[in-house]
Amino acid sequence: MRAALFFLMVFLAGQAFSATPEDRLSGVFQSIEANRLDEAMQRVDALITDYPNFRLAHLVRGDLLLARSRPLLTFGNVVKTVPQEKIDGMRDEALARLRAHRQRPAEDLLPRAVLQLHPAQKHVLMVDSRRSRLYVFANDAGRARLIADFYVTLGKNGVEKTRQGDQKTPVGVYHVTANLPRKKLTDFYGAGAFPINYPNEWDKRQGRNGFGIWLHGVPSNVYSRPPRASDGCIVLANPDLESVGQYVQVGLTPVIIADEVEWSDPAAVEADRASLAAAVERWRVDWESRDTERYLAHYSARFTAPGQDLAAWSAHKRGVNGTKRWIKVGLSKVAMIRYPRERDFVVVTFDQDYRSDSLSNAMRKRQYWVKEDGRWKILYEGAG
């Protein structure tokens with residue numbers, strides 16, 4: 001009996017050790033909701049002992065002390081000598097973390113934005129700005145399977161960055177361009193940083209500017225920051241950034257920043273994927289056919305490529321295709337990601353292997369496809 005009790009104690013200690021600070025804070029919230037305030041105090045004291053710079057935990061502890069004399073109405077029932085903006089920020093953080101704990105996505109749903117990942121992309125990151133949450137999805141045979149999620153801080157002025165210095169986080173589809181280790185940065189960036197490619201081609205077309213949007217950590221004297229506190233970057237607690245870093249592949253990992261994650265059933269996601277995949281395949285076949293007008297019918301009247309509009313692109317393609325006796329086009333490593341806020345607008349990337357009687361080349365290509373009058377059309381095409 002003693003041996004069984006000993007192993008149970010070891011198991012429970014291991015569970016507590018493996019739990020994240022957010023898991024442990026959720027346990028404090030659960031104890032408060034069950035009106036087990038002594039238990040909540042024990043849990044928050046243990047959390048503060050292990051993470052003394054977790055300011056939100058200190059705020060919750062203060063609330064628990066106050067609860068001994070009067071009922072708790074909200075987070076942050078502190079004396080007025082503490083700056084209100086700091087209390088408001090920690091209260092917002094507490095509510096964001098609590099909502100994430102209570103509103104877990106159903107296991108049978110998929111993110112509608114991720115239509116297809118190519119085999120080399122092991123993971124995709126997606127930011128839900130309204131929930132201050134970063135979701136990590138694994139590539140499960142091309143589909144996105146949720147495996148982890150983390151609290152994040154975004155821009156002071158919210159999202160939809162348009163210009164340098166607006167202190168907003170961009171909305172769009174990006175990818176990680178570098179891995180900057182702690183030793184190359186100041187303490188402000190904490191455990192490290194992962195820059196993303198803002199502004200991308202679509203941002204530039206919309207006249208958006210600015211630079212330096214990173215995923216990064218926090219200074220060593222804090223555990224986390226309020227939901228809206230950065231100059232536009234996506235900021236995580238240092239242990240969380242280190243966890244996310246295990247999933248990041250420079251140049252490959254997509255980073256989708258949206259107002260919120262739209263969840264959908266697998267059948268609906270597959271229908272959207274199949275519809276666009278069929279359109280891409282028809283474009284490829286029509287290119288091989290050397291029927292240039294049929295090929296050009298896949299392009300939107302609003303189409304642009306680097307340095308070209310549709311008229312210039314069409315003239316170029318008519319001239320080139322008219323000289324070919326045969327054309328073969330192979331596509332591989334195809335990825336399809338729906339763009340946030342845009343209706344039926346998808347970023348498609350692939351490796352293109354082009355061969356003809358007079359030329360052969362291979363390149364990574366990026367296209368933006370949009371549905372116009374019920375038909376998929378290409379809005380942009382360029383090197384990926």
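## Helix α8, one cavity and a few side chains

The buried residues of helix α8 are V269, L276, A279, V280, W283, R284, D286 and W287. Keep in mind that this is a predicted model. Below is a quick tour of that helix, the cavity, and two residues elsewhere, S356 in strand β18 and R24 in helix α2.

**Helix α8**

- Helix α8 runs over residues 266-289, which makes 24 residues.
- From first C-alpha to last, α8 reaches 34 Å, close to the 34 Å expected at 1.5 Å a residue.
- The buried set on α8 mixes side chains such as W283 and W287 with R284 and D286.
- As background, an α-helix has 3.6 residues a turn, so residues three or four places apart point the same way.
- V285 also sits in α8, but V285 is partly exposed, with a relative accessible area of 35%.
- That label fits because 35% is neither under the 20% cut-off for buried nor over the 50% cut-off for exposed.
- If you're after a distance for V285, its C-alpha lies 21 Å from that of E372, and the two are 87 residues apart in sequence.
- Right after the helix, R290 takes a positive phi of about 65°.

**The cavity**

- You'll find one cavity of 30 Å³ or more in the structure.
- The largest cavity holds about 30 Å³ of space.
- Its lining is made up of R97, Y151, T153, V218, S224, R225, V235, L236 and A237.
- Sorted by class, that lining has five nonpolar, two polar and two charged residues.

**S356 in strand β18**

- Strand β18 covers residues 345-356, and S356 is part of it.
- S356 counts as buried because its relative accessible area is 5%, under the 20% cut-off.
- The S356 side chain makes a polar contact with the side chain of K324, at 3.4 Å.
- Setting aside neighbours within four places in sequence, S356 is in contact with K324, W326 and I327.

**R24 in helix α2**

- R24 belongs to helix α2, which spans residues 21-33.
- With a relative accessible area of 19%, R24 is buried, since the cut-off is under 20%.
- The side chain of R24 reaches the backbone oxygen of A46 at 3.2 Å.

How values were computed:
Residues numbered from 1 in each chain as written. Predicted model: local features only at pLDDT ≥ 70, side-chain atom pairs only at ≥ 80, totals over all residues. Heavy atoms only, no water. Helix = DSSP H or I, 4+ residues; strand = E, 2+ residues; numbered from the N terminus. Expected span 1.5 Å × (residues − 1). Buried < 20%, exposed > 50% of the residue type's maximum accessible area, 1.4 Å probe, protein only. 1 Å grid on protein atoms, 1.4 Å probe; cavity = no way out; pocket = protein on both sides within 12 Å on 5 of 7 lines; lining within 4 Å. Points joined across faces, edges and corners; volume = space filled by probe spheres on them. Nonpolar A, V, L, I, M, F, W, Y, C, P; charged D, E, K, R; others polar. Polar contact = N/O pair within 3.5 Å; in protein donor to acceptor, adjacent residues only side chain to side chain. Contact = heavy atoms within 4.5 Å.
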